[in-house]
Amino acid sequence: MSKFDYSKLVDKEEALQERSIFWDPGIHQEELKQIFNRCWLFLAHESQIPDPGDFIRTYMGEDDVIVVRGQDKQVRAFLNACSHRGNKVCQAEWGQTRSFTCSYHGWSYDTSGRLAGVPLEEAIYDNLDRSRFGLAPVARVENYKGLIFGTFAEEGPSLAEYLGDAGWYLDVLLEASPGGLELIGTPYRVEVPGNWKLPVENAIGDGYHVTWAHAGAMRVVGTLASGRSENVLGIGAENSGVDLSGAVEINIQPHTVLSSLDGQSGYALYDHPEKVLEYVEQNRPDVVNRLGEVRGKKLYGSETHIGIFPNLQVIQGLNFLRVVHPRGPGAFEVWTFAMVDKNMPTDAKEVIEKNVRSTFGPAGLLEGDDGDFTEAITHSAAGYATRKLKGWLGMGQGRKVPWDGPGEASPGLVNELCQRSFYEQWQRTMMAASVHDILPKSRATAEPAVESAREVVNG
Amino acid sequence: MGNPELRAAPREEVPLDIAYRVERFLALEARVLDEERYSDWLTLLTEDVRYRMPIPRNTKRKNRLGKSTLGGEGLIYDETLPTLRQRAMREETGLVWLNDPPTHHVRIITNVETFVGDQPDSYDVRSKFMLFRSRRDRDRISHVGWREDVLRETAEGLRIAARTVYLPERVITDKNLNTFF
């Protein structure tokens, strides 16, 4: 029984979140158990570990994990902890290997996690049963069209069930071409003060902050050539006005999507989008054939942010995939991977990689602005009175718009639907007694219409 | 620079007067940046300047590349004069809330070694740096690394034609690297 009353910490009807949820070390410990030990978490993309022996290290919550393709070509994941005393068996962030050897006493494990070698074994042990001392496996590892996820939960939803309708949106990236998706290059890793939930909901839903928090950057990004559309995200220059038509935020609990739906503005922040746009338009008829009109014409090429609960963001347009790993309640580590269509010409891939670097790399023009907010929202809550304050995400509450895809849609990218959805799912997972209860009973329950909510016409 | 191949210990050192001018130039440059004079700093660069910062990767010394899409050069900065100007313009919009109140910078440049360059009138210059940033009440961060520069003699004096910044931090523990090294 938790000492925290999650039913009160997040108030769904009033769209309030008590600020202790960002600061409290006790809540963080429960998150590691309720969320990170039960939800499906993104581990890697197939393209990163294509051959037997290829591995990459990552985190599941705060657990250090090795993801490795075995000699039988199957991908498995293990806790990075020697079964003898617990030292890490792998310090490299990725590579190709036949075994993982502990640097403490030299125990070594093969790529399927079996204990394969123990120095001096015959002379010193009478009672060592190697079969009991393999690396501790991540309970289930599954692949959705190249995206590899793992969960520590033995039971509960399969990956396909967990992703649910989010798959319909992910397919726009995963099936845009027969080549599929590819993550390229060296992922950026940055550790920032603040609670992990804040960068997640910022990326999946906060269109409101873009032209204000990033005002300095927005004056200059995309200005070197013809790429820039002044009217980014529907917000006019200098916050002069907002156009909520056309774009949507979509609640597909437990996940979220926002999209500009215009088929091209994902590349609005590029200095030189031409090569990418050319490929997109050339490929579009195929996408329409494969995935239909809505996805081929409205979603493909748009700025689309898919939030997979809890900590994965797949961002089309700016074209990066991002994972937020918690580092205690008060810090997080962001991993950013440049994401391309495998069939794109090399020069288009280079344009994307360069744009990811210049916008959301560690020295990106936009990346650096958010650290103050995540820090203040989290660490000001060290004060008891501050901790009892509540944040409010009531924007667009009850506003609806017809939408031809799965989920409940609300108009505009300046809307807090996705963020409300995130905290609702956070609450559900924290309260779920069983892993079978972490998903909503019926997906995509619509927010009740609010009397006062104005009708917004969606072009 | 994951596992950098150390270039053979370089070449011929320049005469003392040039070495002295180079050291003074790097000190001047550091001060111009500390004083947030970004427009002035841009004039210290050549039109064709390349400014790069590779990512140090934690892979095994004998890592095999294989067919993985991981790796590649991996750059945090890969800049030309127009993109450096873009970064400087961002700082000067007055709209970067993170730097208001201002971030205080102190750049310490040391271990300067100046060698005869590959091109005539150019020098290969190596230096170590510490970049200290102080913001707000107690947000204090130091970045320590080294640089490989190509400085060129021009009619206006020494100018930076290339800079590669080596920052040996795999995980950047800073709110951003929006600064000039």
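In the predicted model, helices H10(A) and H12(A) are oblique to each other, because their axes meet at an angle of about 125°, a value outside the range of 65 to 115 that counts as roughly perpendicular and not over 145, where roughly antiparallel begins. H10 covers residues 274-291 of chain A and H12 covers residues 346-360, and the two axes lie 8 Å apart. The crossing of H10(A) and H12(A) is left-handed. On the side of H10(A), the contact is made by Lys275(A), Val276(A) and Tyr279(A), while H12(A) contributes Asp347(A), Ala348(A), Val351(A) and Ile352(A). Of the residues in this contact, 5 are nonpolar and 2 are charged, with no polar residue present.

A second helix pair in chain A is formed by H7 (residues 197-205) and H15 (residues 417-431), packed at an angle of about 140° with an axis separation of 8 Å. H7(A) is therefore also oblique to H15(A). Here the crossing is right-handed. Lys197(A), Val200(A), Glu201(A), Ile204(A) and Gly205(A) of H7(A) face Leu417(A), Cys418(A), Gln419(A), Phe422(A) and Trp426(A) of H15(A) across the contact. The contact of H7(A) with H15(A) comprises 6 nonpolar, 2 polar and 2 charged residues.

These helices belong to a chain that has 15 helices and 21 strands. The radius of gyration of chain A is 23 Å, close to the 23 Å given by the globule rule for 459 residues, so chain A is as compact as a globular protein of that length. Its C-alpha trace spans about 80 × 55 × 40 Å along the principal axes.

Among the sheets, an open one of 4 strands in chain A follows the order S6-S5-S4-S7, and its pairing is antiparallel. Strands S6 (75-79) and S7 (94-96) of chain A are at the edges, each paired on one side only. Neighbouring strands of this sheet are turned by 25° against each other on average, direction ignored. Within the sheet, S5(A), which covers residues 63-69, pairs with S6(A) in the antiparallel sense over 5 bridges. Ile66(A) has Phe78(A) of S6(A) as its bridge partner.

Another open sheet includes strands from both chains: its 9 strands are ordered S21(A)-S14(A)-S15(A)-S16(A)-S17(A)-S18(A)-S19(A)-S13(A)-S7(B), with mixed pairing. The edges are occupied by S21 (408-411) of chain A and S7 of chain B; each has a single partner strand, so one side of each is left without a neighbour in the sheet. Strands S16 (residues 304-308) and S17 (residues 312-316) of chain A run antiparallel and are joined by 5 bridges. In this pair, His305(A) stands opposite Ile315(A) of S17(A). Between the chains, S13(A), spanning residues 181-193, pairs with S7(B) in the parallel sense over 2 bridges. Val190(A) is placed opposite Ile172(B) of S7(B).

The interface as a whole brings 37 residues of chain B into contact with 41 residues of chain A. On the side of chain B that touches chain A, strand S2 (75-79), helix H3 (81-92) and strand S7 (172-173) each supply at least two residues. H3(B) gives the largest share of that side, with 6 residues. By class, the side of chain B that touches chain A holds 13 nonpolar, 15 polar and 9 charged residues.

Methods:
Residues numbered from 1 in each chain as written. Chains lettered and ligands numbered in written order. Predicted model: local features only at pLDDT ≥ 70, side-chain atom pairs only at ≥ 80, totals over all residues. Pairing = 2+ DSSP bridges. Axes fitted to C-alpha atoms, helices over the stretch in contact; angles between N-to-C directions. Contact = placed C-beta atoms within 7 Å. Nonpolar A, V, L, I, M, F, W, Y, C, P; charged D, E, K, R; others polar. Parallel < 35°, antiparallel > 145°, perpendicular 65-115°, else oblique. Left-handed = near helix turned anticlockwise from the far one by under 90°. Rg over C-alpha atoms; globule rule 2.2 N^0.38 Å.
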